[in-house]
Amino acid sequence: MDEQPNNILQRLALAVFRWFCHPDFREEIEGDLLEQFDKNKQKYGEQKARGLFMKDVMLLFRSRLIKNLSHLVIIKLTDMKSIISLFTFCLLTIILIVSPFFPGPSNSLVIGLSSVSLTLGFFGLLLVPVGVLWIIFEWKKCRQPKENQIDWKPSYLLSIIATIIITGINTIYIPLIYQFEGVLAAGVFVILLCWILHRMIRFIRKIKTQPSRAFIYMPVYLIILPIIAYASNKFLVDPISNFSRTLAIQQSEVLIRAIEEYKNNEGTYPESLESMKGKYIEEIPESQIMGVTHYRYHKLDDDFTLAFSQWKDGAALEELVIFDRNPVSRKDYTGFNYKLDRYRALTAFAGYDAGVKHWRYYLCD
Amino acid sequence: MGEFEEIVLLTVAILNGEAYGVSIIEEIETKVDRNVSLGAVQTALKRLEDKGLVNSAFGEATKIRGGKRKRFYTITREGQKILIKTKDQRAAFWNAIPKTVMS
């Protein structure tokens with residue numbers, strides 16, 4: 001056998017072997033692996049030989065052959081800084097996504113930043129293929145012989161594409177954040193975007209003016225951050241929003257008691273929550289969830305509804321939680337409208353029991 | 001010395017200068033009729049070398065094996081002594097078995 005394996009999995013296995021095997025033993029064992037594969041191919045056929053090759057590589061992961069771990073620690077101090085920074089950004093993304101469901105005073109800035117982070121998990125996925133391509137070019141660049149000239153053009157081009165995608169997505173989002181979450185959230189978002197663009201432009205210039213053989217970590221960010229945002233949205237938002245919903249429902253009990261007391265004494269339900277203040281309730285309670293808006297009260301003919309909403313997904317989905325003794329029947333969920341505020345009338349497309357009597361939650365787009 | 005190390009050392013002696021990873025595996029599989037992994041053989045060889053029971057040296061680079069050189073192992077004087085000692089010890093055990101047991 002005078003060639004390297006063609007199969008991608010085999011090449012990957014070989015790359016893993018080269019990484020963990022002690023350099024002193026690498027050449028002879030790699031040769032044995034390839035010779036063994038060649039013999040197995042003739043004996044059992046290519047597919048089985050490939051399986052045996054993978055198994056052999058796995059069974060080579062032994063302390064004696066790794067010998068000591070020092071050669072595995074190839075991460076330089078600068079790499080370490082990049083990895084810590086990447087880890088910090090991942091953590092920040094997760095915190096921003098789940099923060100609207102944490103206990104605390106209602107905060108539109110938190111909701112705005114969370115929806116931006118969630119967007120990273122949707123439109124941001126466009127950055128992943130750019131990141132993958134970029135990593136391939138980076139890998140090739142790092143492996144080039146030192147006498148060759150550094151090929152900085154692919155990195156330069158891909159960094160420009162990434163900047164255009166980031167700018168495009170976020171520019172669409174600025175007016176939406178301004179409309180839904182207010183000027184503060186929009187302002188912070190603009191500042192954040194300017195900072196990212198400033199860093200990106202400096203970085204793009206540096207690629208061209210000071211080309212380096214060192215591995216650039218930017219494509220790793222482009223891959224990892226959108227995936228982290230997507231996974232957080234997929235696996236964390238549901239359980240944590242159940243928790244915040246239940247807590248907000250519990251906080252509203254005092255309000256419902258006050259409304260019923262008002263009805264018993266006055267013979268009718270209050271026109272607004274404000275009209276109960278002083279005699280029936282000291283202060284209108286807050287939900288005590290950062291991403292949950294204040295309670296909304298609607299007087300009906302001889303009944304009332306109490307509602308609050310929380311974002312489920314920064315791109316489109318909002319959850320409307322309603323206390324209603326006569327909830328709409330399931331077949332009417334589609335087209336069920338609830339006027340949330342002066343901008344938005346939500347249309348529910350699915351409804352679920354919230355686990356507390358008379359409380360249901362509806363997913364709205 | 002463990003049982004597998006002993007088998008590997010014996011195989012190195014049998015192959016007489018032609019012992020390297022793959023040839024040792026083939027020889028063991030033929031003689032003992034059991035599957036042996038490259039990892040197990042290489043680990044045993046490194047242990048034997050650390051104990052001074054085998055020596056090793058790279059062969060010439062060839063076009064086969066992706067151009068990777070073979071590392072050939074040969075048994076040392078110390079290795080030979082250990083094998084003889086082990087053989088004698090085993091023989092002593094065999095001789096100690098009452099004839100009625102093995103009849």
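In which sense do strand β1 and strand β2 of chain A pair, and over how many bridges? I looked this up in a predicted model, in which local features need pLDDT of at least 70 and side-chain atom pairs count only at pLDDT 80 or more, while totals for chains, interfaces and linings use all residues. Residues are numbered from 1 along each chain as its sequence is written, and chains are lettered from A and ligands numbered from 1 in the order in which they are written.

**Hairpin.** I find that β1 (residues 296-299) and β2 (residues 304-311) of chain A pair in the antiparallel sense over four bridges; pairing requires that DSSP finds at least two bridges between two strands, and strands (E, at least two residues) and helices (H or I, at least four) are DSSP runs numbered from the N terminus. The two strands form a hairpin with four residues between them, and Lys299(A) stands opposite Phe304(A) in β2(A).

**Positive phi.** I noted that His358(A), not a glycine, has phi near 75° and is found in the loop between β5 (345-353) and β6 (359-364) of chain A. His358(A) counts as partly exposed because it has 16 C-beta neighbours inside 10 Å (20 or more would be buried, 12 or fewer exposed, with C-beta atoms placed from the backbone). Asp33(B) also has a positive phi, about 55°, in the loop between α2 (21-32) and α3 (38-50) of chain B, and is exposed, with 7 other C-beta atoms within 10 Å.

**Interface.** I see 17 residues of chain B in contact with 20 residues of chain A, contact meaning C-beta atoms, placed from the backbone, within 7 Å. On the side of chain B that touches chain A, α3(B) gives the largest share, six residues.

Conventions: Contact = placed C-beta atoms within 7 Å.
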